[in-house]
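Subject: The structure we talked about

Hi there,

Here is the structure I promised to pass on. Please have a look at it first, and then read on for what I found.

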Amino acid sequence: MPNGARERKINMKVEITGNNIDITPGIRERIEGKFKKLEDKRNLDIIGRHASVTKRANGKHKVEAQATIAGGKVAASAEQEDLFGAIREMYQKLERQLDKLQHKGEARRATHAQAPVIEEPEVDLEEEYEQ
């Protein structure tokens, strides 16, 4: 990997916003770790990273995240009473979406050109009526 790309990966941070909750170093570390894990596991460059953590009035935590890669953009959200459980669920959803996006070109799609042609024997209608 060229040095410029490695430096860019190191300097890329996750933009994390909190609504009705303070973003502690532990929360920041967990979310940044999940994005790094996605990048390392999938062997891809995530261009843009954003996460939003909201504490609802009902006591649940909602975590939303967006990741932008060269092939497109994926987003996921999760809501649970346990904040770190919501972060884990959000990570799993992002991972599934990135997997789909990464293998989109390899997916086999049936087209009409590939559909088998069933040939029926020709029946002469005049002969059929004469009998």
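Let me start with a lysine. Lys 34 is found in helix 2, and with a relative accessible area of 16% Lys 34 counts as buried, because the cut-off for buried is under 20%. What is Lys 34 in contact with, once its neighbours within four places in sequence are left aside? The answer is Ile 87 and Tyr 91. Tyr 91 is 57 residues away from Lys 34 along the chain, yet the C-alpha atoms of the two are separated by 6.4 Å.

Before going further, a word on the model as a whole. It is a predicted model, with a mean pLDDT of 81 for the protein chain; 74% of the residues reach 70 or more. Please be careful with residues 1-11, where the pLDDT is below 50. Beyond near neighbours in sequence, that stretch has five contacts in the model.

The protein chain has four helices and four strands, and from the N terminus on the elements run α-β-α-β-β-β-α-α. Of its 131 residues, 27% are buried. Taking the contacts between residues at least 6 apart in sequence, 42% join residues at least 24 apart.

Back to helix 2, which covers residues 25-42. At 1.5 Å a residue, its 18 residues should span 26 Å, and the end C-alpha atoms are indeed 26 Å apart, so the expected and modelled lengths agree. Which residues of helix 2 are buried? They are Ile 27, Ile 31, Lys 34, Phe 35, Leu 38, Glu 39 and Arg 42. These residues cover an arc of only 130° around the axis, which means that they sit on the same side of helix 2. On the other side of the helix, Pro 25, Glu 29 and Lys 41 are exposed.

Two of those buried residues deserve a closer look. Ile 27 has 5% relative accessibility and therefore counts as buried. Leaving out residues up to four places away in sequence, Ile 27 touches Ile 21, Asp 22, Leu 83, Phe 84 and Ile 87. Ile 27 and Val 53 are 26 residues apart in sequence, and their C-alpha atoms are 9.3 Å apart in space. Phe 35, with the same kind of sequence neighbours left out, touches Val 14, Ile 46, Arg 49, His 50, Ala 51, Ala 65, Gln 66, Ala 67 and Leu 94.

Phe 35 also turns up in the largest nonpolar core, which has 25 residues. Those with the most contacts inside this core are Ile 31, Phe 35, Met 90 and Leu 94. Helix 2, strand 2 (46-55), strand 3 (61-69), strand 4 (72-80) and helix 3 (83-102) each give two or more residues to the core. Which element provides the largest share? That is helix 3, with seven residues.

Helix 3 has 20 residues, which at 1.5 Å a residue should span 28 Å; its end C-alpha atoms are 28 Å apart, in agreement with that value. Its buried residues are Leu 83, Gly 85, Ala 86, Ile 87, Met 90, Tyr 91, Leu 94, Glu 95 and Leu 98. The buried residues of helix 3 pack against helix 2, strand 2, strand 3 and strand 4.

As for the strands, strand 3 and strand 4 form a hairpin with two residues between them. They pair in the antiparallel sense over nine bridges. Gln 66, one of the residues touched by Phe 35, stands opposite Ala 75 in strand 4.

Finally, two asparagines caught my eye for their backbone angles. Most residues other than glycine have a negative phi. Asn 20, however, has a positive phi of about 65° although it is not a glycine. Asn 20 lies in the loop between strand 1 (15-19) and helix 2, and at 69% relative accessibility Asn 20 counts as exposed. The other one is Asn 43, just after helix 2, with a positive phi of about 55°.

I hope this helps you find your way around.

Best wishes

Conventions
Residues are numbered from 1 along each chain as its sequence is written. This is a predicted model: local features need pLDDT of at least 70, side-chain atom pairs count only at pLDDT 80 or more; totals for chains, interfaces and linings use all residues. Side-chain values use heavy atoms; hydrogens and water are left out. The expected span of a helix is 1.5 Å times one less than its number of residues. Buried means under 20% relative accessible area, exposed over 50%, partly exposed in between (1.4 Å probe, protein chains only). The arc is that of the directions from the helix axis to the C-beta atoms. A nonpolar core is a set of buried Ala, Val, Leu, Ile, Met, Phe, Trp, Tyr and Cys residues joined through side-chain atoms within 4.5 Å. Contact means heavy atoms within 4.5 Å. pLDDT is the predictor's confidence in each residue, from 0 to 100. Two strands pair if DSSP finds at least two bridges between them.
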